[in-house]
Amino acid sequence: MSPRRVRVSIGTAAVLGLAECRLDARPTTAYLMTYTDSDCAANCAFCPQARENSSNKTLLSRVFWPDFPTEEVFKGLRWATGSLERVCIQAINYPGFLDDVVHLVKGVKEDTNLPVSLDAPPLGIREMEMLKGAGLERISVPLDAATPEIFERVKGRLADGPYRWEKHIEALKTAVEVFDSGRVMSNLIVGLGETEREAVNLIQWLRDMGVQTALFAFTPVPGTALADLSPPHLEAYRRVQLVRHLITKGLAHFKDMEFDGAGRLKSFGVDPGIVKSGLVGEALRTSGCPGCNRPYYNERPSGPLYNYPRMLTSEELHKEAMLMGIDVE
Ligand code: SF4
């Protein structure tokens, strides 16, 4: 049986004709989140859905996710399918979440031709094969943290959470076996206390394993354990974004890069023309599955935009180039 209700991001709700709101950038992916009356069983320190915080449970990051009857959401997807490139399901961790996800994937595939991605807690091979059989195209097992120590602090034992770094890595390896490399993702949140060197090292390590990294800027949300932590410095985020782009495209490698004593990137280890073409191209756009633009997930529309949900204007490009000291003339 399909789950009774499902959450959708407010921008998605507008695109599906379920809510009215002004869209500064239209989502090109429909973002769905499993619905539960209880809290998530996990306790990630940055997340409004976490078990032990006082956040508004209609939030994920800074985005509002109202809930609707599942059949209305399917109807909206049928109606809006031509303006969408993908459906992405965020799975909250609660007993029975996997059944809900399988039914959502099947429902979307019955009604549309859209590829479906899932962002989920670590699963075993049987569960992943079941999801692939239901029509899932891609899976993400979010590490979120750049190192095992940070993971332990924000998602693991020190956060009183159920997750273990090793289990996440094991699940990512299983996902590559089931879905093939290039169809497995992991999230990295920049700004949780890692150095740029640690962030870049993880991106390279995952890429070598067949896993692509989707980059997020830490966003403090009221009521979460990390509500008082500041977002990352924009310049540091830009460097990691550029490196992520270059590593993902196979244009640069961690071993050729240089870092200072504080772990800040000093050299990309490639011809400056390659870095410039990354900046002019897609490096600062939202990273994730094909067709994902996640508008304003990490930032207010007034900026600064950590992830651009669209092409940069030439004014924005020049501003970013100046910030990075890159000549784009
Ligand atoms: S598992 Fe996902 S939804 Fe649950 S607390 Fe962690 S980040 Fe939030």
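**Helices, strands and loops: a tutorial**

Student: Is Arg-294 buried or exposed?

Tutor: Let's count the neighbours of Arg-294 in this predicted model. There are 23 other C-beta atoms within 10 Å of Arg-294, and the cut-off is 20 or more. Arg-294 therefore counts as buried.

Student: What is the phi of Arg-294?

Tutor: Arg-294 sits in the loop between α9 and α10. This residue is not a glycine, and yet its phi is positive, at about 35 degrees.

Student: Where is Pro-304 placed, and what is the omega of the peptide bond before it, from Gly-303?

Tutor: Pro-304 belongs to the loop between α9 (272-280) and α10 (314-324). The bond from Gly-303 to Pro-304 is cis, and its omega is near -5 degrees.

Student: Is Asp-180 exposed or buried?

Tutor: Asp-180 lies in the loop between α6 (165-179) and β9 (184-190), and its phi is near 80 degrees, positive although the residue is not glycine. Inside 10 Å there are 11 C-beta neighbours, and 12 or fewer is the cut-off. Asp-180 therefore counts as exposed.

Student: On to the sheet. Which are its edge strands?

Tutor: The open sheet has 8 strands with mixed pairing, in the order β5-β1-β2-β6-β7-β8-β9-β10. Its neighbouring strands are turned by 30 degrees against each other on average, direction ignored. An edge strand pairs on one side only, and that holds for β5 (67-69) and β10 (212-217).

Student: Which residue stands opposite Ile-89 in β7?

Tutor: Strand β6 (residues 86-90) is joined to β7 by 4 bridges, and the two run parallel. Across from Ile-89, β7 places Leu-118.

Student: Which residues of β7 point the other way from Val-116 and Leu-118?

Tutor: Side chains in a regular strand alternate between the two faces of the sheet. In β7 (residues 116-119), Val-116 and Leu-118 point one way, and these two and their counterparts are buried. Pointing the other way are Ser-117 and Asp-119.

Student: Which residue in β9 is the bridge partner of Ser-140?

Tutor: Strand β8 (residues 138-140) runs parallel to β9, and 2 bridges join them. The partner of Ser-140 in β9 is Met-185.

Student: Which residues does Met-33 touch, beyond those up to four places away in sequence?

Tutor: Met-33 is part of strand β2 (residues 29-34), and it counts as buried, with 23 C-beta neighbours inside 10 Å. Leaving out residues up to four places away in sequence, Met-33 touches Arg-7, Leu-60, Trp-65, Gln-90 and Ile-92.

Student: How far apart in space are Met-33 and Arg-157?

Tutor: In sequence, 124 residues separate Met-33 from Arg-157. In space, the distance from C-alpha to C-alpha is 25 Å.

Student: Now the helices. Is α3 roughly parallel or antiparallel to α4?

Tutor: Helix α3 (residues 97-111) and helix α4 (residues 125-134) pack with their axes 9 Å apart, at an angle of about 20 degrees. Angles under 35 degrees count as roughly parallel. So α3 is, relative to α4, roughly parallel.

Student: How many nonpolar, polar and charged residues make up the contact of α3 with α4?

Tutor: α3 brings Leu-98, Val-101, Val-102, Val-105 and Lys-106 to the contact, and α4 brings Glu-127, Met-130, Leu-131 and Ala-134. By class they divide into 7 nonpolar, no polar and 2 charged.

Student: In which hand does α7 pass α8?

Tutor: Helix α7 (residues 196-209) and helix α8 (residues 234-248) pack at about 20 degrees, with axes 10 Å apart. That angle makes α7 roughly parallel to α8. The residues that meet include Val-200 and Ile-203 in α7 and Val-240 and Val-243 in α8. The crossing is right-handed.

Student: Which strands does α8 touch as it packs on the sheet?

Tutor: α7 lies across β9 and β10, running at about 180 degrees to β9. The direction of α8 makes about 165 degrees with that of β10. The strands touched by α8 are β9 and β10.

Technical notes:
Residues numbered from 1 in each chain as written. Predicted model: local features only at pLDDT ≥ 70, side-chain atom pairs only at ≥ 80, totals over all residues. Axes fitted to C-alpha atoms, helices over the stretch in contact; angles between N-to-C directions. Parallel < 35°, antiparallel > 145°, perpendicular 65-115°, else oblique. Left-handed = near helix turned anticlockwise from the far one by under 90°. Contact = placed C-beta atoms within 7 Å. Pairing = 2+ DSSP bridges. Nonpolar A, V, L, I, M, F, W, Y, C, P; charged D, E, K, R; others polar.
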